[in-house]
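Reader: I have a structure open and some questions about it. Can we go through them one at a time?
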Amino acid sequence: MPLFDIPVVMPYRLREERDGALFSVQVNAVASNEASAVAASQALVRSLGGLKHRGRTIETLPERAKIGAVGRQIDGPYAYVLTHGNLIHHLDFPPRIDSQSGEVMGDAFAGLDPNLLLGVVMDCNPLTYINTSGLASIAAHAKRIQLRLFRVSDPVRRVFQIVGLVQMLRIFPDLRTALDDLGTPLPTAPAPSL
């Protein structure tokens, strides 16, 4: 099923303050349809709100969400960037990460300011190939940007294991578990042999 860029503005509130202020976050969701975009936005906003309002319970309000027009198709892996602001955008890459696209990925990750970041979660399911340039981009920035990977295919996971990346990465089965891990420091591991 093809994936598309679908903007969603998701309101939320602190559960203890039902009559208090409403907050909202714009999510540039990657999803196959509007319902999936709202579901992804709920998970992302719940996590972002939990990181911004530590110790408080976040209640998303999907019935009040505003959904924008379906945008361009996303064919490859994509990474949601969570910051201290009220926008969750994504970076997307081609399904094959070769030397040129690996360099683009590295530049995109290098451009993220860790002082503004709460974390980055990357869906690797659409990733069909990755070479040493892409591996080096992930290895160089994983800890600095608090990168979590999810839905990594078995062939790509084997590549990560062969080069020793699995010791320094956090890999999860789905978006929700990757988001639940944000805020937990990444382990320090020796640099992989690329």
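Reader: Let's begin with Ile138. Where is the place of Ile138?

Author: Ile138 sits in helix 3. Keep in mind that this is a predicted model.

Reader: Buried or exposed, Ile138?

Author: Buried: Ile138 has a relative accessible area of 0%.

Reader: And which residues is Ile138 in contact with, leaving aside neighbours within four places in sequence?

Author: With those set aside, the contacts of Ile138 are Met105, Phe109, Ile130, Leu147, Phe160 and Leu169.

Reader: How far apart in space are Ile138 and Leu169?

Author: The C-alpha to C-alpha distance between Ile138 and Leu169 is 8.9 Å, with their positions 31 residues apart in sequence.

Reader: Which other residues of helix 3 are buried?

Author: Helix 3 covers residues 132–141, and besides Ile138 its buried residues are Gly134, Leu135, Ser137, Ala139 and His141.

Reader: What do the buried residues of helix 3 pack against?

Author: Two helices, helix 2 (99–110) and helix 4 (154–163), plus strand 8 (96–97), strand 10 (129–130) and strand 11 (147–150).

Reader: What happens at the start of helix 3?

Author: There, Asn131 has a side-chain oxygen within 2.9 Å of the backbone nitrogen of Ser133.

Reader: Switching to helix 1. Is Val45, which is in helix 1, buried or exposed?

Author: Val45 is buried as well, since its relative accessible area is 0%.

Reader: Which residues does Val45 touch, not counting those up to four places away in sequence?

Author: On that count, Val45 touches Met10, Tyr12, Val25, Val27, Ile58, Thr60 and Ile88.

Reader: And how far is Val45 from Ser24?

Author: They are 21 residues apart in sequence, and their C-alpha atoms are 8.5 Å apart in space.

Reader: Now pockets. How much space lies in the largest pocket?

Author: About 220 Å³. Fourteen residues line the largest pocket, and the closest to its centre are Leu3, Val30, Ala31, Ser36 and Tyr78.

Reader: Which elements each supply at least two residues of that lining?

Author: Strand 2 (23–31), helix 1 (34–52) and strand 6 (78–83) each do. The largest share, three residues, is from helix 1.

Reader: How do the residues of the lining divide into nonpolar, polar and charged?

Author: Nine residues of the lining of the largest pocket are nonpolar, three are polar and two are charged.

Note on methods: Residues are numbered from 1 along each chain as its sequence is written. This is a predicted model: local features need pLDDT of at least 70, side-chain atom pairs count only at pLDDT 80 or more; totals for chains, interfaces and linings use all residues. Side-chain values use heavy atoms; hydrogens and water are left out. Buried means under 20% relative accessible area, exposed over 50%, partly exposed in between (1.4 Å probe, protein chains only). Helices (H or I, at least four residues) and strands (E, at least two) are DSSP runs, numbered from the N terminus. Contact means heavy atoms within 4.5 Å. A polar contact is a pair of N or O atoms within 3.5 Å; within protein, one must be able to donate a hydrogen and the other to accept it, and residues adjacent in sequence count only if both atoms are side-chain atoms. On a 1 Å grid over the protein atoms alone, a cavity is a set of points where a 1.4 Å probe fits but cannot get out, and a pocket is an open set with protein on both sides within 12 Å along at least five of seven lines; lining residues have an atom within 4 Å of a point. Grid points are joined across faces, edges and corners, and a volume is the space filled by probe spheres set on the points. Ala, Val, Leu, Ile, Met, Phe, Trp, Tyr, Cys and Pro count as nonpolar, Asp, Glu, Lys and Arg as charged, and the others, Gly among them, as polar.
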